[in-house]
2 protein chains.
Amino acid sequence: MSLFDTHRALLQGALDALATRGYWSPFPEMASPKVYGETAQADGQAAVQALLGKDYPLEQPGEVGRVATEQSPYGVDIGVRYPECEPEALIASARAAERPWAQLGRKGRFGVLLEALTRIHKRSHEIAHAVMLTTGQGPMMAFQAGGPHAQDRALEAIAYAWKALADVPEQALWEKPQGKNPPLAMQKHFETVGRGVALVIGCATFPTWNTYPGLFAALATGNPVIVKPHPNAVLPAAISVSILREVLTEQGLDANLVQLALSEDPAHTQQLARDPAVASIDFTGSNEFGRWLGDNARQARLYAEMAGVNTVIVESTDQYAAMLRNLAFTLSLYSGQMCTTTQNILVPKDGIQTDEGHKSFEQVGQDLAAAVDKLLSDPRVVTAVLGAISAPQTVERIREASGKGRVLLASRAVDHPDYPGARMHTPVLVALTQQDAAIYGRECFGPVSFVVATDSADAALEVAASTLREQGALTLGVYSTDRAWLDRAVQLARNARVALSINLTQGVYVNQSAAFSDYHATGGNPAANASYTTLAFVADRFVVVQRREHVAAPPAA
Amino acid sequence: MSLFDTHRALLQGALDALATRGYWSPFPEMASPKVYGETAQADGQAAVQALLGKDYPLEQPGEVGRVATEQSPYGVDIGVRYPECEPEALIASARAAERPWAQLGRKGRFGVLLEALTRIHKRSHEIAHAVMLTTGQGPMMAFQAGGPHAQDRALEAIAYAWKALADVPEQALWEKPQGKNPPLAMQKHFETVGRGVALVIGCATFPTWNTYPGLFAALATGNPVIVKPHPNAVLPAAISVSILREVLTEQGLDANLVQLALSEDPAHTQQLARDPAVASIDFTGSNEFGRWLGDNARQARLYAEMAGVNTVIVESTDQYAAMLRNLAFTLSLYSGQMCTTTQNILVPKDGIQTDEGHKSFEQVGQDLAAAVDKLLSDPRVVTAVLGAISAPQTVERIREASGKGRVLLASRAVDHPDYPGARMHTPVLVALTQQDAAIYGRECFGPVSFVVATDSADAALEVAASTLREQGALTLGVYSTDRAWLDRAVQLARNARVALSINLTQGVYVNQSAAFSDYHATGGNPAANASYTTLAFVADRFVVVQRREHVAAPPAA
């Protein structure tokens, strides 16, 4: 059985799920021994342990040396040494790998990708541990977001690519009537051809979840890929690249279709990005480098997810306690280091109506602080939910934020029972007023949230609109029992082109985005120019090359 | 019956045709009185005549005066005075028109567009005459390319937009199992929202064919459009805009959803292009302005068709006479002013094998010149096929080209029996050698072709590859009886990402592209970054804005 036939049902399941966007996930998010095997977690951790401090087993063209760039937020000594390769060599070998990949045919290519994804899935615990150690995520989140949820996003990209490619017929018989004469008849072939080398630039916090969509979308549409992970979160990407190369090699294909690029010199990435052969760049990261790419890598189509200012507006609620618990979890999860985490919580200065009576602005702030404090009072919850702080600069931002307004909840350093060197800090909550736009109107990445007293609930909509227009956002949340006001919030979300969550009080959080159902980012505001996943994410990664030639028209029936 | 229901079959016909890409055209290309009405042609011409020298009947916001910019290549006094409107006013009224357009709903919008397209079709003779007078096209071509073929391309864009939008479910019930507990249940809505104001910049030669795809694609995906026609070919665009506005007004919608922009000051277009509200630009025209747009209108997604160097390679043929006739027509049609017209004809210096025996390079050149000469010896053919020269600079290029090599066929000025002021010139053919890349390696727009002696047939492939890499092309033609060599040509076309026509000897020409079957431009080489029409042409013109809210899960079955 071909690889494609082996995995055909998986692809079909994804296509079916995307047609309705109900709940679906082929990769179980529970790290249960019953699902993944009794020894899977221990095996995965041991596999990562065996890599630490050594040369990573990856041989690529143009290697000039080895580099170890990762500093674990958990204080673990990573020290994995990856190959540093000349950009020219990476580009040349990527280009050379394109032709055999194309010749494999569509089903052949999709079979390889689905096989690789299935093997990635089987190594979820290993990848999860690598994600945890490099990003600072808590273990459960590292497993879910770094494993099955990332795999869902990969499969989603593969399925969209399938749809976009399937829209192009492979050939056509074109017969144009010529009155009494025989028709003009032509045989036409339509070949889908990748645009060229794809560069996929990962981020420090979600090295698989934010890398897989571009990686698999580019490969599926016929392009060789160079994966350039964030220097601090290389290992999860390296393992993923290795698995793809392993399957390619087994199939007698050119493993250099997928390569890893790493260097301590920023000019290395810049050279790759500007290479004329690079036709697309997927980028997750800072606005600063995103802008640099837009300004300088002009030959490439850029798919960028950058910073935004995510906002929640509280107008009223009939589930006050549940709302606070929901928000507290959102602010705490992975220490607020998700691109979808709420930064600004807008509350009318005159307070809000709730099922527990009227609550003043002051009271809402105190109650939210108490909810976060309560959530993080259990040491086991702290390590599970909070995780560690990815970058030292984030700790500095927490300190600075504390001086920018009235502190509702002070951040405190936390010790990890198993990782004495872990960089752990609880969230800081700062009260501001509507006039403090200079503070809350820009991204302050990390566990920093501003509870902003707005002049009114409608003023909160205006504040959010203004922030969204200038900075963009991946998420907007609102709480209200007033349908008319909610309609205005829906209009705001539409105009600002941002995803909206309404009255989240149960086990779904504004910062969560479920593959096959939720579109992650709209691509229509300054925080991102593309979405996981739409047809637009895949359709321009290939072109149609047609050829046509006369044939004798078949005899009339 | 709603407009959508009225035109549902037309849309479905297009969707069916695109699924197979065989021959299909809902708009008859024969300007037959039986199809279009006995008096249709005379009526259309009279309608245009009635507009000449007057204020064009179009009222738009922010009018600061009237401008008449058109100089007919036929020497006809056009003198139509169009409104010049302030860019700020055009942008503001476009933005204001977006919301009611969105609220109309998908079927409502498509109904309006299909109704407008149908009315455009009914006025084909009028638009054709406007195309002829402003572009210099011959009357038959002006009718076909300016009328039904352009309408086909419009419908194609509408159909692709329908497909891309239909890929997004309008809502979903998402239920995530929670073990023994009731599932988490959310109702999700997915709204497709246009990216913002679309600017559609037309060209001097095909003011409808190259304008309709972007115009209708942008409208169909929810965006207001400002049409900026070429100053010399305004009338066909203005009539089209007026028809759209007429239907919008009838439906009680805001006519400013579609506006015309015109000014004698180039800064006017530049200001529009750089406006932050402009989210997309469709552009057909010069590399120079295309580059300016790419450099300066950075906020907008650019869909650009620019200059390229189209090539035909003659390796051998078993239909020598038919090949020459086919090429002669290609070079003559609209005086070589199509973006798809062949500029370089590569022939091995040692000649070629044909069904009429071996032909030397010299002989092929002479025979091709004779074929063009013969085609244009009939005065009726001359006026029908050649048409007039759109721009005075093209006449200058003909003169210059004659001095760049050995002239195989001299250009001659031609008189038009009905239009004494017509600017008509027959094609010039110049022989060059492979070493003359500085001459043939760049675009020389107009009825100028170079017959280039290459060192061999394989060298011709290399020459073509080099030109394609540097300049791009919309078309590549080859003639050969050697399947192995043709396979190499197919590879070349694939690598260069250019559409290939093989052994055209019948009534199809390399410069022709049939909607619903042929993809026009691949979008993958320097001549164009987008194609008529693929999913990529429409899918990124809108974003998906989702909202989600908990609902009580329905009881288990």
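**Two chains and a shared sheet**

Let's start where the chains meet: 52 residues from chain A and 52 residues from chain B make up the contact. Keep in mind that this is a predicted model. On the chain A side, the elements that each supply at least two residues touching chain B are β3 (171-178), β4 (181-194), α19 (483-496), β20 (499-502), α20 (535-539) and β21 (542-550). The top contributor among them is β21(A), which gives eight residues. If you sort the chain A side by class, you get 22 nonpolar, 15 polar and 15 charged residues.

Now for how the two sides compare. Of the interface residues of chain A, 100% are also interface residues in chain B, so the copies meet through the same surface.

What about the symmetry? Two copies of a chain are related by a rotation about an axis and a shift along it. Here, a turn of 180 degrees and a shift of 0.0 Å along the axis lay chain A on chain B with an RMSD of 0.0 Å. That is the relation of a two-fold axis. If you want to find the axis from chain A, look for Ala536(A): its C-alpha is the nearest one in that chain, 3.2 Å from the axis.

Next, follow the strands across the boundary. Strands of a sheet pair through backbone hydrogen bonds, either parallel or antiparallel. In this model, β20(A) is joined to β21 (residues 542-550) of chain B by three bridges, and the two strands run parallel. To see one of these pairings, pick Ser501(A), whose bridge partner in β21(B) is Arg548(B).

That link belongs to an open sheet of 10 strands with mixed pairing, in the order β14(A)-β17(A)-β18(A)-β11(A)-β10(A)-β19(A)-β20(A)-β21(B)-β4(B)-β3(B). The edges are β14 (406-409) of chain A and β3 (171-178) of chain B, each of which pairs on one side only. Going from strand to strand, neighbours are turned by 25 degrees against each other on average, direction ignored.

Back within chain A, six bridges join β17 (residues 428-433) to β18 (residues 448-454), and these strands run parallel. A pair to look up here is Val430(A) with its bridge partner in β18(A), Phe450(A). Helix α18 (residues 457-471) of chain A packs on the sheet, where it touches β10 (311-314), β11 (344-348), β18 and β19 (475-479) of chain A. The direction of α18(A) makes about 155 degrees with that of β11(A).

Note on methods. Residues numbered from 1 in each chain as written. Chains lettered and ligands numbered in written order. Predicted model: local features only at pLDDT ≥ 70, side-chain atom pairs only at ≥ 80, totals over all residues. Least-squares fit on C-alpha atoms with pLDDT ≥ 70 in both. Contact = placed C-beta atoms within 7 Å. Helix = DSSP H or I, 4+ residues; strand = E, 2+ residues; numbered from the N terminus. Nonpolar A, V, L, I, M, F, W, Y, C, P; charged D, E, K, R; others polar. Pairing = 2+ DSSP bridges. Axes fitted to C-alpha atoms, helices over the stretch in contact; angles between N-to-C directions.
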